[in-house]
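Please open the structure in your viewer and keep the selection panel at hand. The tour below moves from one charged pair to the next.

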Amino acid sequence: MNMLAEGRPTKQEANLIMPEQNAITTHTGNRALMVDEPLIFEIGSSARSGVDLPEAPQVESRLGGLDRKAPIAIPGLSEGETVRHYTRLSRQNYAIDVGLFPLGSCTMKHNPRLNEKMARLEGFADIHPLQPVETVQGALELIHELAEWLKLLTGMPAVAMSPKAGAHGELCGILAIRSALEARGDAREVILVPESAHGTNPATAAFAGYKVEDIPANSDGRVDLKSLKARLGPDVAGVMITNPNTCGLFEPDMKAISDAVHAAGGLVYCDGANFNAIVGRVRPGDLGVDAMHINLHKTFSTPHGGGGPGSGPVVFSEALAPFAPLPIVEKMDDGHFRLVEEETAENHHGSSFGRMVAFHGQMGMFSRALTYMLSHGSDGLKQVSEDAVLNANYILRSLEDILDAPFAKSGPCMHEALFSDKGFSNGLSTLDLAKGMIDEGYHPMTMYFPLVVHGAMLVEPTETESKAAIDQFIGAFRSVAQRAKAGDELLKTAPHFGPRRRLDETQAARKPILVWTEPEEFAQAAE
Ligand SMILES: *Cc1c(COP(=O)(O)O)cnc(C)c1O
């Protein structure tokens, strides 16, 4: 089975084995449960197959001479080998089911197993988007019910369910803004984006063809209302504001911002990815927002990152509702549901900007999110945001004596605590603390974001962590922060205990070494 390619580094070279522990070597090169897993091409063989099928009968080809001449050259493995390969790989990874995932802005909360049970029901999991609508009434009802919840929680009259992630939702909202402005014969050129915005905001505005202009933050980490007002004018299509913002702070001037933008003829996009901090307590519709995406995969607990696809429904104000994309699920008078796929004057005011996706959206995320909402109820969702904010403030106040916390003096934070690397010595910085956290058994926090804070560290515990889990995390964070302030040389080479040691990130990005070289048999097959 030795098909390991020449170019592949040894385990020592790959830093799999800690140099300081090289005195003990094992026969396999593995270290107990830490197994270096080859690529699937290296363990499989195109000559093998996981299943035995009877010899195919010789039939006359109908492919007009386009038949494959050589084997397909994909690795063959048994089911057991395949399962082990992916399970071993997964064990080198970090997951919310392994421990606290402090990534700020990402809302990595526990995904309740009840969600999974519901999402696996046949009527939701085993249906096809092209099935006749009479056969998927339950699924359409679920989408409709979820849409009603989203409208209720945001105080907005319309919602597009189809966008597939937060950034996709942003594009949906900005396209609706553009359509609304064009419809009134007033196409404008500029979108204003505060300095503290998530990177997807300016990217979305630029992608939609707008010029992007920055609005500075004030010393409290909030949008500077004066500068924003000063820049408004007939060329400004709208603003994109993240609230709570990426410093983990609520924008108390949000209503004043919306009023000023509207008075200048623009529209207000709110990045609602941080809705977890305010769900059940603040309705963006009351703040004058015209469009806002909601990350079901953050606020409403559906898996994300390596765990699955996201979903980014967008709620709309009266002004933008007519321009929302199709399709939409509609409840008819007889209680049945239909999918409005095409625009007619009666069904959709005739001004939808089009479609974001081929079908209606992410069914698996819809079923999980609605399960989460129904199992919490509206009171429970209010407690979600309260607990998320409480947990973040507990972290902020527990660490502000050891770490610089740039906005801690201006009051409580929302759902995430922001620190900086000010005061670290011996050239150590945020990156070194992050790597040190890996040795402590944690996924690092979000680092160097938001950009308004030098060496930023953004920590979001979410409401699903217990006090014991948060205390343990605080203990680890404090200990690594102390080492960073004391200038501990060993932090420069952390992590020491991970499956890999510190990688050269610049080299990895600029000169990646792709270690797999095609084994002979595949190369021949391809010829
Ligand atoms: C996560 C996030 C986004 C992007 O959402 P995706 O689902 O990853 O596309 C946008 N803005 C903020 C503030 C976020 O936290």
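**A tour of the salt bridges**

Begin by selecting Glu-37, which counts as buried at 8% relative accessibility (buried means under 20% relative accessible area, exposed over 50%, and partly exposed in between, with a 1.4 Å probe and protein chains only). This is a predicted model, in which local features need pLDDT of at least 70 and side-chain atom pairs count only at pLDDT 80 or more, while totals for chains, interfaces and linings use all residues. Residues are numbered from 1 along each chain as its sequence is written, and side-chain values use heavy atoms, with hydrogens and water left out.

Add Arg-88 to the selection: its side chain meets that of Glu-37 in a salt bridge at 3.5 Å, N to O (a side-chain nitrogen of Lys or Arg within 4 Å of a carboxyl oxygen of Asp or Glu). The pair links distant parts of the chain, with Glu-37 in the segment before helix H1 (40-43) and Arg-88 in helix H2 (residues 79-91), 51 residues apart; helices (H or I, at least four residues) are DSSP runs, numbered from the N terminus. Arg-88 is partly exposed, at 39% relative accessibility.

Next, select Asp-97 and Arg-113, whose closest N and O atoms are 2.4 Å apart in a salt bridge. Asp-97 is exposed at 52%, whereas Arg-113 is partly exposed at 46%.

Then move to Arg-478 and Asp-401, another salt bridge, with the closest N and O atoms 2.7 Å apart. Finally, select Glu-116, Arg-120 and Arg-368 together, since a network of salt bridges links them.

Technical notes:
Helices (H or I, at least four residues) and strands (E, at least two) are DSSP runs, numbered from the N terminus.
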